[in-house]
Amino acid sequence: MLEDLALFTELDLDIYRLSISWSRLFPKGDEETPDEAGINYYDSIFQELKKQKIKIFLTINHYALPLNLVTEQGGWKNRKTIGNYLKLVTVIFNHWGELIDYYLPFNEINAGYFSPYNGIGLLKPEEELYAYNDIFLSLHHQFLASAQAIALGKKMKVKGQFGAMISCFCYYPLTPKPEDNLQLVLDEQINQWFCMDVLARGEYPYYMNNFFSEHGVDFTISEADRANF
């Protein structure tokens, strides 16, 4: 691995985006302390990147949840996952906060909607569809985790900057008819812009009200949650 990193300068690369493995630091996802071998592994990588004068762009959660959090605790549907995620974030900030230049709290956060197993660690029921309520409750927990991770980084005065990311697609209407063009807008709103609107503006966009009502999505968004956004 270190030999590969040494080749980056030959390619004239000045930044490297990598994703940290949650389970390398916390194999079950909810341990009190991180695995020392995992700490040493990332120490060597980050130190080598700095030695090569390559900026570090770190994705904190790139789909992969520790399996225990998925099978035993329900993935991001379980609000406890926020606390376990923040434990991971705290370790990252404490150990490498002076080395990392950019942070991405979640890779393609809207994948939780169109690919729930990957995006939010949600197991599909046997011979059933994913429940909309489970999907959007899980995404709600990720929104809170992202906001709290950024707030924690600012509190700890880490040097890196924070960003957000969605997976963006190109949509076309089925026909030139107005109703098909309207459907295009609605599909884009749910698949793409919803997540970014929440992350960028700190509140749920107006157009989700009808969607939630039509699909029976109903979970409590407390005032504390809204304050954390």
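**Figure 1. Overall view of the protein and its surface.** The protein exposes about 12300 Å². Carbon and sulfur atoms supply 52% of that area. The model shown is predicted. Of its 229 residues, 44% count as buried. Along the principal axes, the C-alpha atoms fill a box of roughly 55 × 40 × 35 Å. The radius of gyration is 19 Å, which agrees with the value near 17 Å for a compact globule of 229 residues.

**Figure 2. Secondary structure and contacts.** The protein has 11 helices and 4 strands. Contacts with a sequence separation of 6 or more were considered here. Of these, 74% join residues 24 or more positions apart.

**Figure 3. A nonpolar surface patch.** Leu67, Tyr117 and Leu123 make up this patch. Together they have about 320 Å² of accessible area. Leu67 belongs to helix H4, which covers residues 67-71. The relative accessible area of Leu67 is 54%. Exposed means over 50%, so Leu67 counts as exposed.

**Figure 4. An edge-to-face pair, Tyr113 and Phe211.** The structure holds 32 aromatic pairs. In this one, the ring centres of Tyr113 and Phe211 are 6.4 Å apart. Their planes meet at 75°, so the pair is edge-to-face. Tyr113 sits in helix H6 (residues 111-114), and Phe211 sits in helix H10 (residues 208-214). The pair therefore ties together parts that are 98 residues apart in sequence. Both Tyr113 and Phe211 are buried.

**Figure 5. A stacked pair within one helix, Tyr132 and Phe136.** The rings of Tyr132 and Phe136 form a stacked aromatic pair. The distance is 6.5 Å centre to centre, with 15° between the planes. Both residues lie in helix H8, residues 132-156. They are 4 residues apart, about one turn of the helix. Their burial is given next. Tyr132 is partly exposed, with a relative accessible area of 30%. Phe136 has a relative accessible area of 1%. Buried means under 20%, so Phe136 counts as buried.

**Figure 6. The aromatic cluster.** Ring pairs link a set of Tyr and Phe residues into a cluster. The Tyr members are Tyr113, Tyr132 and Tyr204. The Phe members are Phe136, Phe143, Phe194, Phe211, Phe212, Phe219 and Phe229. The residues of Figures 4 and 5 thus appear again: Tyr113, Phe211, Tyr132 and Phe136 belong to this cluster.

Terms used: Residues are numbered from 1 along each chain as its sequence is written. This is a predicted model: local features need pLDDT of at least 70, side-chain atom pairs count only at pLDDT 80 or more; totals for chains, interfaces and linings use all residues. Side-chain values use heavy atoms; hydrogens and water are left out. Patches are made of residues with over 30% relative accessible area and no salt bridge: like charges are joined within 9 Å, nonpolar side chains (Val, Leu, Ile, Met, Phe, Trp, Tyr) within 5 Å. Accessible areas come from the Shrake-Rupley method with a 1.4 Å probe; for residues, only the protein chains shown count as cover. A salt bridge is a side-chain nitrogen of Lys or Arg within 4 Å of a carboxyl oxygen of Asp or Glu. Helices (H or I, at least four residues) and strands (E, at least two) are DSSP runs, numbered from the N terminus. Buried means under 20% relative accessible area, exposed over 50%, partly exposed in between (1.4 Å probe, protein chains only). The radius of gyration is taken over C-alpha atoms; the globule rule is 2.2 Å times the number of residues to the power 0.38. Contact means heavy atoms within 4.5 Å. Rings of Phe, Tyr and Trp (its six-membered ring) pair if their centres lie within 6.5 Å; planes under 30 degrees apart count as stacked, over 60 as edge-to-face and the rest as tilted.
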